[in-house]
Protein chains: 2
Amino acid sequence: MGYRAPVGDIRFALEACAGLWSLKSRFSDIDPDLLEAILDGAGALASETLAPINRSGDQAGVTLKDSIVTAAPGFKQAYIAFRDAGWQGLAADAAYGGQHLPRAVALAVFEMIHSANMSFGLLPMLTLGAIEAIEQHGAPDQKALYLEKLISGEWTGTMNLTEPQAGSDLGALTTKAVPQADGSYAITGQKIFITWGEHDLADNIIHLVLARIEGAPAGSKGISMFIVPKIKGEDGARNAVRCIGLEEKMGIHASPTCTMAYEGATGWLIGEENKGLAAMFTMMNAARLNVGLQGVAVAEAAYQKALAYAQERKQGGALIIQHPDVRRMLTHMRAKIQAGRAICYATAVAADGGDKKREDLLTPLAKAWCTELGVEAASLGVQVHGGMGFVEEGGAAQFYRDARIAPIYEGTNGIQAIDLYGRKLLSDRGETMHALIADAREAGAALKKAGSARLVIAADALEEATTYMLSATRDDALVGAFEYLMLAGDVASGLYLARGIANAQSQAAMTKEIIAEQTALFAYYAEAVLARAPARLSTIQIGLAALRAGVGI
Amino acid sequence: MGYRAPVGDIRFALEACAGLWSLKSRFSDIDPDLLEAILDGAGALASETLAPINRSGDQAGVTLKDSIVTAAPGFKQAYIAFRDAGWQGLAADAAYGGQHLPRAVALAVFEMIHSANMSFGLLPMLTLGAIEAIEQHGAPDQKALYLEKLISGEWTGTMNLTEPQAGSDLGALTTKAVPQADGSYAITGQKIFITWGEHDLADNIIHLVLARIEGAPAGSKGISMFIVPKIKGEDGARNAVRCIGLEEKMGIHASPTCTMAYEGATGWLIGEENKGLAAMFTMMNAARLNVGLQGVAVAEAAYQKALAYAQERKQGGALIIQHPDVRRMLTHMRAKIQAGRAICYATAVAADGGDKKREDLLTPLAKAWCTELGVEAASLGVQVHGGMGFVEEGGAAQFYRDARIAPIYEGTNGIQAIDLYGRKLLSDRGETMHALIADAREAGAALKKAGSARLVIAADALEEATTYMLSATRDDALVGAFEYLMLAGDVASGLYLARGIANAQSQAAMTKEIIAEQTALFAYYAEAVLARAPARLSTIQIGLAALRAGVGI
């Protein structure tokens, strides 16, 4: 059995946990009927079109010849189906053909796409980033030129940050931009790890490129963002940008990871000079949420495959799902997946609702906590399969390979931890975090169901950890930052899960059976995850001095 | 930089933690000079011969044509080097050419081999299993016929258990053995997942095969073990056994995983009729320890690669090892690796010393705890590399793929948890476990170093968990069994690490610097792992009823 969209779990996370309907005043078009139609349509695309080419795409991979990248068989037809149904523009500006629905709704669609085919999902995900960057930072003529075709899916987008020598340190990048007489810039340099940087699925590719204008200040204060289209104008002239290499990766084989050479390519400045990093960050925030969602999505795919295997695979006389340990693994997967969903959809609803502080706080949690979940669940999925999990034919192995990229790209999870500490916690001396902790305590205290006391205790631990993080030296705090992020993720997910159970009572779509099942999942989650959250404190407080023996210095 | 044998850490685990020299009265040949010579020699083989063909073997894989399996380039030469140096027979019976050294010493050699090349290591590891089975269960003429050539490495061995319909449930196997007039049996059936079941590195392959003699009782009580050599006699006649397929796996590509067809092959009963499962278990116990060691070994390889990358990779101006989060990951890896080593070597020393109860108790811990460590550390190794970790060229990805098999084969870790619960805990109502707990408390209380109190608290938690496991219903206990095993592994590793620091004071080879470094590693381990062990209790006690929501039943 292939992937089937878990509409019930998604709707519970979206409507009950994240509170989608609180957005009604801002997004008047969305109603339960439309939501259902969207989820059904996207579910069909995912199951019928994208999932069937997931393994074949893994096997075929992509090819590069004479700067032309050819996608795996079936991907072009799938992209046309995706494009023609209008999925790209769900949350985009109506003035350029978008449907102006909440991003949270678009996120649900992307969850299904990523579950069915993570390699494919990266293409519209990157386009979404380009759309948002141009919506927020583009000049009117740039919007007019690019938005409609990106929103329709006719063109696709990319993000060009990383350079061979610079990795996560964007301040070190050296790609040059030389002003030209016509107001454009000549862009020269090399970018690596460019997802879907070149392909044959769309007529044009709009690259958003970080580069340094001649004479700009050194470091991160001298970086500007440019639009560099693959095809320059209506005459179809090719720009001086090409793919000169593909990475041979462990997973997401059907997604081309390109090395791009810019050889005096024509680019146009977007946003202000030397403010490129800030512009790229707005784009990256959305992308980080989407990558976190990939963690949830690949975990869901792994869960479904493992559940189906356990339900059909006999050992001796009994199905392996009869084994308590197999049930434990499956329950663990589903409970954590639902927790990850709660974080992701709550982040999106915060963004849609204009609660910028909560959105910013939750974004690194969504990215890091959920991508760690992706790896954990994919690994459990392999384990449920036994020997067949290690054999590629079984399909579980692909999820394990694919899932591993998500903790790395769009800012490693270590970078997310630094972001949470520096940009989110220190910046307001813990105010936003304390609001989250208060919400979690309140939700836990109000729920009065099995497990809700665990949430309160975990929130207390997060408070203690927050006090530590705010008072520790920077180095000591950074040693604990990853674990602190994980603890915050535990608490945030617990908060939204608990809130979901409370909210569901008053939501028409939530039947007694649904509420009972989600309450049971929460109870498991509380005992298996929240109960262990306070123990993270010891790791958080370990301090830099404790690490010397591990690195020999 | 390639793999370099971590002789210091291995010796600390072997001599100080596991107490190798307590075996002096049983193994008079071993002394510090010989140990050093062995570790140096094996280290050189690992670094210079096996590590260099690890990635090339991963890429080339193995091929099957006309029932002939050809190993990856370089493997034959490497095997000859291994064989000619006499490594196979280190712990084997001196009467057949072995050196009768402690198994713990042979284990140290195998650790290096597995670190350098896990695919390669499986071949002598399986041969070791065949040697032990024939040593323990073979008739004198069988010993005479097979042992010398297996011990010299001239021939290799395999274990043939799994069948397509039977997975972990050996009672369901159907391979038939029909008695022949000459006292042999005609073996007919199909076996899957047979590691190094066919290859071109040795003149003969000795298969140990589980099968059912005509008329034997159903289930696990009707299974016998047979010796089925690939080449039947001195005339070179080929037996009716052949490889009919190779699995396409996620990792250990250079190790052929064969489907073997027995078509009336000539086999000889080894051990008693219908007692094959018991015989196979003695063989599997050693193999389980060796698989646990693979977890440690692949973790060590991942650690070394990640450390080297962090020390040479600059980002902006600084090496990435300067990042506190990178140091945290590396320290976590090294500390847990040393903990895993302590379990594995302590298991071997218990076996060598005739402490059967402790050996049996530790074996599932070694297998499961250490293979989970292998996956965790390999994943962290990928993470330290950032984007390069996901690119195959970087090499970290291979460890992540290779490591994933170890929690599955030789009895999944779920099976190990059942083994710990049923065969080790229930069988003596916790007596052996309580002895371990008492040792851990004593070692913790005696140490009086940073972290030692954590060990005592973890031991208390294990006692509480043990009480629960002994009183819970079987189903509830089995839900908690995996987590219980993990907790027992935390405590056992803590015990041997703490004991190691205490023992080291009186051992000549252990300098002040070594002791200080290992003490610091233990302190980290106590805060990052042992401090969190008690929190496992909530998961252990979760019970079957809590799992319904996860599996929809």
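1. Let's start with Ala94(B), bearing in mind that this is a predicted model. Once its neighbours within four places in sequence are set aside, Ala94(B) is in contact with Gln99(B) and His100(B). The residue sits in the loop between α4 (75-84) and α5 (103-116) of chain B. Is Ala94(B) buried or exposed? It counts as exposed, because there are 12 C-beta neighbours inside 10 Å, and a residue with 12 or fewer falls in that class. If you would like a distance to check, the C-alpha atoms of Ala94(B) and Ile151(B) are separated by 9.6 Å, with their positions 57 residues apart along the chain.

2. Strand β7 (residues 224-229) of chain B makes a nice contrast. It is largely enclosed by the rest of the structure, since 6 of its 6 residues are buried. In a regular strand, side chains alternate between the two faces of the sheet. For β7(B), both faces are covered: one side carries Ser224(B), Phe226(B) and Val228(B), the other Met225(B), Ile227(B) and Pro229(B), and all are buried.

3. You may also want to look at the partners of β7(B). Strand β6 (residues 204-213) of chain B pairs with β7(B) in the antiparallel sense over 6 bridges, and His207(B) stands opposite Val228(B). Strand β9 (residues 257-270) of chain B also runs antiparallel to β7(B), the two being joined by 3 bridges. Here Ile227(B) faces Trp268(B) of β9(B) as its opposite residue.

4. Over in chain A, a helix pair deserves a look. The axes of helix α16 (residues 474-504) and helix α17 (residues 512-528) of chain A come within 10 Å and cross at roughly 160°. Angles over 145 degrees count as roughly antiparallel, so that is how α16(A) lies relative to α17(A). Their crossing is left-handed. On the α16(A) side the contact is made by Leu497(A), Ala498(A), Gly500(A), Ile501(A) and Ala504(A); α17(A) contributes Ile515(A), Gln518(A), Thr519(A), Phe522(A) and Tyr525(A). By class, the residues of this contact are 7 nonpolar, 3 polar and no charged.

5. Finally, the contact between the chains. How many residues does each chain bring? Chain A gives 72 residues and chain B 71 residues. On the side of chain A that touches chain B, helix α9 (residues 324-352) of chain A supplies the largest share, 9 residues. That side of chain A has 37 nonpolar, 18 polar and 17 charged residues.

Methods:
Residues numbered from 1 in each chain as written. Chains lettered and ligands numbered in written order. Predicted model: local features only at pLDDT ≥ 70, side-chain atom pairs only at ≥ 80, totals over all residues. Contact = placed C-beta atoms within 7 Å. Helix = DSSP H or I, 4+ residues; strand = E, 2+ residues; numbered from the N terminus. Nonpolar A, V, L, I, M, F, W, Y, C, P; charged D, E, K, R; others polar. Buried ≥ 20, exposed ≤ 12 C-beta atoms within 10 Å, placed from the backbone. Pairing = 2+ DSSP bridges. Axes fitted to C-alpha atoms, helices over the stretch in contact; angles between N-to-C directions. Parallel < 35°, antiparallel > 145°, perpendicular 65-115°, else oblique. Left-handed = near helix turned anticlockwise from the far one by under 90°.
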